[in-house]
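Here are my notes from a pass through the model, written up as numbered points. Have a look at the structure first, then read on.

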Amino acid sequence: MSSLDKTAWAFELGRVLAALEVLYQRGARNFKFVDRTFNLKIEHSVRILQFFLDHLPAAGASANEQLFLHFEVIPDHLPERLKAMLRQFPLGVLQLEVGVQSFNAEVQHTISRRQDNAASEANLRWLLTHSHAHLHADLIFGLPGETLHSFAEGFDRLLAIGPHEIQLGVLKRLRGAPVARHSDVHGMVYDPEPPYTVSHTGVVDADTVQRFTRLVRYWDLLVNSGRFARTLVLLLQTPPADVIGALGGTETEKTAAQTSPFWRFWLLSDWLWQRLGSTHKLTPELLVDTLFAYLSQSLPPESVRQALLADYLSSGARANPQALQGLLPRQPPAPAKAARTLAARQERHRV
């Protein structure tokens, strides 16, 4: 659907709704719509949403009867009819993936993306304030002409809005996608193997792409997971100059970290890589101990420990990190996996 190839087509909506009814009657309760412009045709959007409103379980229904719905939407198109429908969904049902991609107007023009940034920001704030939807907002790194510094500005703008998760991705050259026409002009070079991820551009070198890829992984583990909500406040606050000075990175990056959450996390990501040498197989316990070591450089260790303790307890983890020795209460056995729901991650963000 992201390419120019004519390999997807629309079915008549009545047929789609009839198929959804069959799935629902057979027990399906988790529905994910992968059309990235779900809200472009409002007539279709409201009829599909009404279908699910009509199938919401009664109060007190079991966890197995709860609906979980995922839609991908464009950010600057949220007319009143759609807002009225979205208001009606209760907590824990609706998840929206909002494709912001970039707030850089010049980059948007280059890739022929018509996006009203002011409307996008207003709509995101409306969804956070007036709906129960869990919001995933997407940003793409490596777009033609997008520098690391302009990306950082867009990231900070999006973070200030406060979506529940910021999904960070690196550009991939999809077959037939119009971004391919910019390869020569903007020095776009892609991995020759699928999924054809950009390796460097005319304004972003390969080392920066690799550093960003590591940041994506650490951001997912520490932020999007919802496991470190209280600790995140400490991580993104301005660290003292002596701590920034001791971190890796250029002088420009260190200066930017005095005012920018993105650059603070950028330097933290480098520090994590230097200390851990990995972005995978990082247990919650290892992350707790590593974050304690990082934050204790600039903050009172006891305040850091209390934030980590609260996060660790609310996350449901059940081991015993070194930094929390003697502080964890005895916990009952973990519930069976079958009893856990897709809403568990959302619940951590609400906490």
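1. Let's begin in the sheet: which residue in strand 5 is the bridge partner of leucine 139? The partner is leucine 168. Keep in mind that this is a predicted model, so every value below is computed from predicted coordinates.

2. Strand 4, residues 134–141, has neighbours to describe on two counts. Strand 3 runs parallel to strand 4, and six bridges join them. Strand 5 (residues 165–170) also pairs with strand 4 in the parallel sense, over six bridges. On the strand 3 pairing, glycine 99 is the residue that stands opposite aspartate 138 of strand 4.

3. How many of the residues of strand 4 are buried? Eight of its eight are, so the strand is mostly covered, with buried meaning under 20% relative accessible area. In a regular strand the side chains alternate between the two faces of the sheet. Strand 4 can be read that way: His134, His136, Asp138 and Ile140 point one way, while Leu135, Ala137, Leu139 and Phe141 point the other, and all of them are buried.

4. On to helix 2, residues 42–54. Its 13 residues should span 18 Å at 1.5 Å a residue, and the end C-alpha atoms are 18 Å apart, which agrees. If you tried the sum and got a bigger number, note that the expected span is 1.5 Å times one less than the number of residues.

5. Which residues of helix 2 are buried? They are Ile42, Ser45, Val46, Ile48, Leu49, Phe51, Phe52 and Leu53. An α-helix has 3.6 residues a turn, so residues three or four places apart point the same way. As for what covers those buried residues of helix 2, the list includes helix 1 (13–25), strand 1 (30–32), strand 2 (68–73) and helix 3 (80–86).

6. Now the empty space. Rolling a probe the size of a water molecule over the atoms shows where empty space is left. Here the count comes to two cavities of 30 Å³ or more. The largest cavity holds about 100 Å³ of space, and 16 residues line it, with Asn39, Val73, Leu78, Leu96 and Leu127 lying nearest its centre.

7. Where does the lining of the largest cavity come from? Strand 2, helix 3, strand 3 (94–101) and helix 5 (117–130) each supply at least two residues. Helix 5 gives the largest share of that lining, three residues. By class, the lining of the largest cavity has 13 nonpolar residues, three polar and no charged ones.

8. The second largest cavity holds about 40 Å³ of space. Arg227, Phe228, Pro284, Val288, Asp311, Tyr312 and Ser315 line it. Helix 12 and helix 13 each supply at least two of these lining residues, and the largest share, three residues, comes from helix 13. By class, the lining of the second largest cavity has four nonpolar residues, one polar and two charged.

9. Helix 13 (301–315) deserves its own point. This helix has 15 residues and reaches 21 Å from its first C-alpha to its last, close to the 21 Å expected at 1.5 Å a residue. Its buried residues are Val304, Ala307, Leu308, Leu309, Asp311, Tyr312 and Ser315; what covers them includes helix 8 (229–236), helix 12 and helix 14 (344–350). Just after helix 13, glycine 316 takes a positive phi of about 90°.

10. Tyrosine 294 lies in helix 12, residues 284–295. Is it buried or exposed? Tyrosine 294 is buried, because its relative accessible area is 5% and the cut-off is under 20%. Leaving aside neighbours within four places in sequence, tyrosine 294 is in contact with Leu235, Leu247, Leu268 and Trp271. Valine 243 is 51 residues from tyrosine 294 in sequence, and their C-alpha atoms are 9.4 Å apart in space.

11. Last, glycine 202, in the loop between strand 7 (198–200) and helix 7 (206–224). Glycine 202 counts as exposed because its relative accessibility is 57% and exposed means over 50%. Not counting residues up to four places away in sequence, glycine 202 touches His186 and Gly187. Its C-alpha is separated by 7.4 Å from that of glycine 145, 57 residues apart along the chain.

Conventions: Residues are numbered from 1 along each chain as its sequence is written. This is a predicted model: local features need pLDDT of at least 70, side-chain atom pairs count only at pLDDT 80 or more; totals for chains, interfaces and linings use all residues. Side-chain values use heavy atoms; hydrogens and water are left out. Helices (H or I, at least four residues) and strands (E, at least two) are DSSP runs, numbered from the N terminus. Buried means under 20% relative accessible area, exposed over 50%, partly exposed in between (1.4 Å probe, protein chains only). Contact means heavy atoms within 4.5 Å. On a 1 Å grid over the protein atoms alone, a cavity is a set of points where a 1.4 Å probe fits but cannot get out, and a pocket is an open set with protein on both sides within 12 Å along at least five of seven lines; lining residues have an atom within 4 Å of a point. Grid points are joined across faces, edges and corners, and a volume is the space filled by probe spheres set on the points. Ala, Val, Leu, Ile, Met, Phe, Trp, Tyr, Cys and Pro count as nonpolar, Asp, Glu, Lys and Arg as charged, and the others, Gly among them, as polar. Two strands pair if DSSP finds at least two bridges between them.
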